[in-house]
Amino acid sequence: MAADVHNQPWESMPSNGCLTAEHLTVERLRIDRAESPTPGLVEGTEPGAGQETAMFVHTQSFEDLTADTEEEAGPESAEGVGPVEEEGPDEEVCPEEEARRSGVREKEEDVTSEAWRAHRKHVFVLSEAGKPIYSRYGTEEALSSTVGVMMALVAFVESDKNAIRSIQGDGYRVVFLRKSPLVLVGVSRGSQSDRELVRELQYVYYQIVSLLTLTQLDHIFKHKQNYDLRRLLSGSEHLTASLLRLLELDPGPLLSAVTCLPLAGAARDTVSASLQHARAPTLVFSILLAGTRLVSLVRRKEQHLHHMDLHLLFNLVGSSSSFREGEGWTPVCLPKFNTAGFFHAHVSYLLPGTPLCLVLVSTDREDFFTLSDCKRRFLERLQKRSAFHALQEALACPTYPVAQVGIPELRHFVYKSKSSGLYTSPELPVPYSSEEEQERLMCLYQQLHSRLHHPTRPLRSIYRCTHTENLFAWVTSGFELYLCFSPLGTKAVAVAAVNKLLKWIRKEEDRLFILSPLTY
Amino acid sequence: MTAMRVDAKVVMLGKESVGKTSLVERYVHHRFLVGPYQNTIGAAFVAKPTHVGDKVVTLGIWDTAGSERYEAMSRIYYRGARGAVVCYDLTDSSSFQRARFWVKELQNCEEHCKIYLCGTKNDLIEADRGLRQVDYHDVQDFADEIGAQHFETSSKTGSNVDELFQKVAEDYNSSSFEVMPEEQGVDLGQKKDSYFYACCH
């Protein structure tokens, strides 16, 4: 034990008295794993895998599975497998950039203008009666005729007992998602596959459900087919807009995973234990966030949170300044958990001016003061411990440079541990620091992801060279890994890098992942 | 940090974007945040101690969301409230119609709750009188009729904001011996709504 500690100078060891039973288990686990003959290739033993049970529902739900089979019949363009020479970088269109910078003006855009047409991705939500509910750009009123055409297309195909999935032409891809009583339409000029677009539309759909519940949505449209849903959704447009940005820039939704704030394992265990201690009878999930990074999640036994619900919570908290004013108390539906009812979330920042936000999810809407007291107890307990200091220090560097890994050709990577549903990724280096470049890299990862998870011809690994970077992706039953190298690297370098990287992640897993999730 | 003790529950009601959050922000934090409008999600709670004579009264202020989406939830925020600040935008006559709705709701459900009608964005009126859409005297007459107090405030300049909440605290103080204070927190007698279902995964 002592020797083990000396070998790991990066880890800040707990102060006296804080060495919990959980911590000892983690230590032992790590030693066991290091001796494993095939580390990382089997689910549950890969770097970052939690002990015992996972925090998330990571198996695909019925819905996900049916969506996949639907896709099989979809018009996925057939391409060769293996190394592919890639086209040059996408050209950026200026009007889109300008519009994006001025988020408020997006809604006032003229829908007949060229700038409006030039947007890379449009998202529309309409009711089955053909009423516009949401448009990413421009006002909904101005789009009633466009939306009418969309609904006509959907209805025309359906009248023949069929379903429209996508239309392609003129460099555009139009994807339809039918989620009664809503219809969602995505129009994209980018290189995304139908599957990726459908996934994004699903998020938008669940975003709406999380505000209203499906029960309420069904009820409304059953009684009044031409109801204007914008009345109930008013003020939520910025949530959907920021969700769409999140989907374009964050690998989390793509990988069905969330990422953690790097924090010494012992400190994280103390935070988790403090959360566990501040329980209440109606409490189901206690979630501590730092921006879009998870610090700790404690849940009721037998209840699992779906990563999608967690992303919706991240987005709700992150895009609303209103929670900074005081203690927030809001009904929230976690649609992947249950589309029928509301949970009630107590949302509060731990200290003013920090990104640490505590979300306490309860079943009882009368329980605000009980949860407020839970928060107080949690904070009191945590502040007495040295872990609080470690946590505040960790906030100063919420990410790490890829140079820490020690592979010069490696620019960036995303590693997901399948059994824990968590991923880790370093900060984006210089060539990808602008938002456009970040989005482009994400697009490349998405393309690799689509290839690996192709419904009929899935791949285990793929290596791809472009003018600007070399990419390598590998999926096993235990993990999923995406790497980005400088274009001067070779395939041999990439393969060697994988082993080195996996070793590094194993060494750092205590800091990068939540190895010992707790329940109440 | 000690346990929160709240004397008087105060609820902010009114149409969305009339400036309920700005009003609370001005009163509690003495500031006015300029920037794009952001609606409140659900409701936000803040406790603010204030001096009334030589006593300290802590107001527990519920800043509710104006969106229709949360209307079904509003009952839990005004239940047992000792004061309700019903806000309307002086430059938007429809917001006053909405204020009337909230007054009716309070009269029906919370007869012990004192009502404070609060016109917001007075600085806009001072800059351009033509923007006024809600007449001062009409509101005063309405206030007299329902036995409410009436204020016109500006969260931007701070005008009349402290006065409004000071009045709420004073009214609570002078009436606190008349009405039994309601216990905050969980009401065990209340039938629990079955919002929670077993996980089906």
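## Helix α14 of chain A

In α14(A), the buried residues (under 20% relative accessible area with a 1.4 Å probe and protein chains only as cover, where exposed means over 50% and partly exposed in between) are Phe368(A), Leu371(A), Ser372(A), Cys374(A), Lys375(A), Arg376(A), Phe378(A), Leu379(A) and Leu382(A). The helix, a DSSP run of H or I with at least four residues, as strands are runs of E with at least two, numbered from the N terminus, covers residues 368-383 of chain A. Its 16 residues reach 22 Å from the first C-alpha to the last, close to the 22 Å expected at 1.5 Å a residue, where the expected span is 1.5 Å times one less than the number of residues.

Within this helix, Glu380(A) forms a salt bridge with Arg376(A), with the closest N and O atoms 3.1 Å apart; the term denotes a side-chain nitrogen of Lys or Arg within 4 Å of a carboxyl oxygen of Asp or Glu. The two residues are four apart, about one turn of the helix. An α-helix has 3.6 residues a turn, so residues three or four places apart point the same way. Glu380(A) counts as partly exposed because its relative accessibility is 29%, whereas Arg376(A), with a relative accessible area of 16%, is buried.

## Basis of the model

This is a predicted model in which local features need pLDDT of at least 70 and side-chain atom pairs count only at pLDDT 80 or more, while totals for chains, interfaces and linings use all residues. Side-chain values use heavy atoms, leaving out hydrogens and water, residues are numbered from 1 along each chain as its sequence is written, and chains are lettered from A and ligands numbered from 1 in the order in which they are written.

## Salt bridges between separate elements

Over all chains, the structure holds 31 salt bridges. One of them joins Arg230(A) to Glu140(A), with the closest N and O atoms 3.5 Å apart, and this pair links distant parts of the chain, 90 residues apart: Arg230(A) is in helix α9 (residues 230-233), and Glu140(A) is in the loop between β3 (132-135) and α6 (144-158). Arg230(A) counts as partly exposed at 21% relative accessibility, whereas Glu140(A), at 7%, counts as buried.

A salt bridge also forms between the side chains of Glu469(A) and Arg440(A) (3.1 Å, N to O). Because Glu469(A) lies in the loop between β16 (461-465) and β17 (470-475) and Arg440(A) in helix α16 (residues 435-452), the pair ties together parts 29 residues apart in sequence. Both Glu469(A) and Arg440(A) are buried.
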